[in-house]
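Let's take a walk through a protein fold together, starting with one helix and working outwards. Please keep the structure open beside you as you read.

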Amino acid sequence: MKAAVTTEQHGFDVIEVPDPTPRPDELVIRVAACGVCGSDIKAQPFMPPGMIMGHELGGEIVAVGSDADGWREGTNVAVLPVISCGSCQYCAAGFVSHCAQTRYIGMGPDGGGFAEYAAVPARHAFALPNEMTPIYAALVEPFAVGLHGVHSAQVGAGEDVLVVGAGGVGLTTIAWARASRAGRVTAVDPDHQRRESARAMGATDALASLADADATAYDASLECVGRPGLLSACQASLRPHGRIVISGACAEPTPIEPVTALLKELSIRFSVCYTPDEFRDVIIAFNSGAVDPAVMVGPVLELNRIAEAFDLVRSARVQGRVLVRPG
């Protein structure tokens, strides 16, 4: 099969590699599409040569392991890429990203979706309805990230929500805030086209700067960028007992203005990944029409254009999720 493998120069070579065969508890899928996200951009410089990246993947089952009961060839699936032990207290509660044995498909020895085929654990596969567009399988993972953030913020019907950043995480967060019947959903992003994408996803209004947000006007704020200073800036926009959820990864120290947080009794939480139930909820919402994944489909590039796909995401100006279609 063809696969994009990492190189010594932290790029990609598209080469022929052996087709995967499933272990007893695995499935092999023909990859319909695999998304490129910010975490791929951050991880690429640290990937050793010879790795197959790509964690936002799904496709059609073409081989079933001997112990993978209940699965059959021809079924389209989305893949939850956080591999965990399945038996610890965190796995039992659905918080698979906190399992001590966690590893990520496409971020280590487990080959990812930037290839024609991928072997995946059967218990991490989630069946899609037959009538669903196959490339939507690659969008289940980013929409699950947004859903987990909205759950973490405990967004309720009629509440006003501020979403900072209209990239992939921000757009899926907006979609779930609207699906949760929030009242006002304000997006903040300096890029005009991203603000338009936010409106298309359901934002009631969009601002170019967080400084333009109305003071004491929101019940929850979700920071989906991961930049120092945004946590502190979100505080002024919140009502008493407001909630801030940090969904953007930031490796730098982030200041907080403690007096405002204290006087308003603000809650600050962090949100990472998703649960298996949230994966299922995304697929149900796609199928019912409660959430429309089509708005998130950005450029779709063939595997031999993977370097271009990464460059598009790195530029931070592309609309929607960049997808790589290996087949």
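Helix H4 has twelve residues, and its first and last C-alpha atoms are 17 Å apart, close to the 16 Å expected at 1.5 Å a residue. Keep in mind that this is a predicted model. Most of H4 is covered, with nine of its twelve residues buried. Among them are Leu171, Ile174 and Trp176. Just after the helix comes Arg181, which takes a positive phi of about 65°.

Now try the same check on helix H3. Its 14 residues should span 20 Å at 1.5 Å a residue, and its end C-alpha atoms are 20 Å apart, so the two values agree. H3 is mostly covered as well: 13 of its 14 residues are buried.

Where do these helices meet other parts of the chain? Both H3 (140–153) and H4 (168–179) give two or more residues to the largest nonpolar core. That core holds 50 residues, and the members touching the most others are Phe143, Ile174 and Phe286. Strands S10 (161–164), S11 (185–188) and S13 (218–223) also give two or more residues, as do helices H5 (192–201) and H8 (276–288). The element that gives the most is H3, with seven residues. In soluble globular proteins, nonpolar side chains tend to be buried together.

Which residues does Ile174 touch, leaving aside its neighbours within four places in sequence? Its contacts are Val163, Val185, Ala187, Ala198, Met201, Gly202 and Ala203. There is also a second, separate core, made of 32 residues that include Ala68, Val79, Leu301 and Val318.

Next, look at Ala78, which lies in strand S5 (residues 76–79). Is Ala78 buried or exposed? Its relative accessibility is 0%, so Ala78 counts as buried. Setting aside residues up to four places away in sequence, Ala78 touches Leu57, Gly58, His124, Ala125, Phe126, Leu128, Ala137, Val140 and Phe279.

From Ala78, travel to Leu263: the two are 185 residues apart along the chain, and their C-alpha atoms are separated by 44 Å. Leu263 joins Val259 and Leu262 in making a nonpolar surface patch of about 350 Å². Val259 is found in helix H7 (residues 258–264). With a relative accessible area of 49%, Val259 is partly exposed, because the exposed class begins only over 50%.

Finally, visit two loop residues with a positive phi. Gln154 follows H3 and lies in the loop between H3 and S10. Cys273 is found in the loop between strand S15 (267–270) and H8. Neither Gln154 nor Cys273 is a glycine. The table sets out their values.

| Residue | Phi | Relative accessible area |
|---|---|---|
| Gln154 | about 55° | 55%, exposed |
| Cys273 | about 60° | 12%, buried |

Why do these two residues fall into opposite classes? Gln154 has a relative accessible area of 55%, so it is exposed, as that class means over 50%. Cys273, at 12%, counts as buried because that class means under 20%.

Conventions: Residues numbered from 1 in each chain as written. Predicted model: local features only at pLDDT ≥ 70, side-chain atom pairs only at ≥ 80, totals over all residues. Heavy atoms only, no water. Core = buried A, V, L, I, M, F, W, Y, C linked by side-chain atoms within 4.5 Å. Buried < 20%, exposed > 50% of the residue type's maximum accessible area, 1.4 Å probe, protein only. Helix = DSSP H or I, 4+ residues; strand = E, 2+ residues; numbered from the N terminus. Contact = heavy atoms within 4.5 Å. Patch = residues over 30% accessible without salt bridge, like charges linked within 9 Å, V, L, I, M, F, W, Y side chains within 5 Å. Areas by Shrake-Rupley, 256 points an atom, 1.4 Å probe, with all protein chains shown as cover. Salt bridge = Lys/Arg side-chain N within 4 Å of Asp/Glu carboxyl O. Expected span 1.5 Å × (residues − 1).
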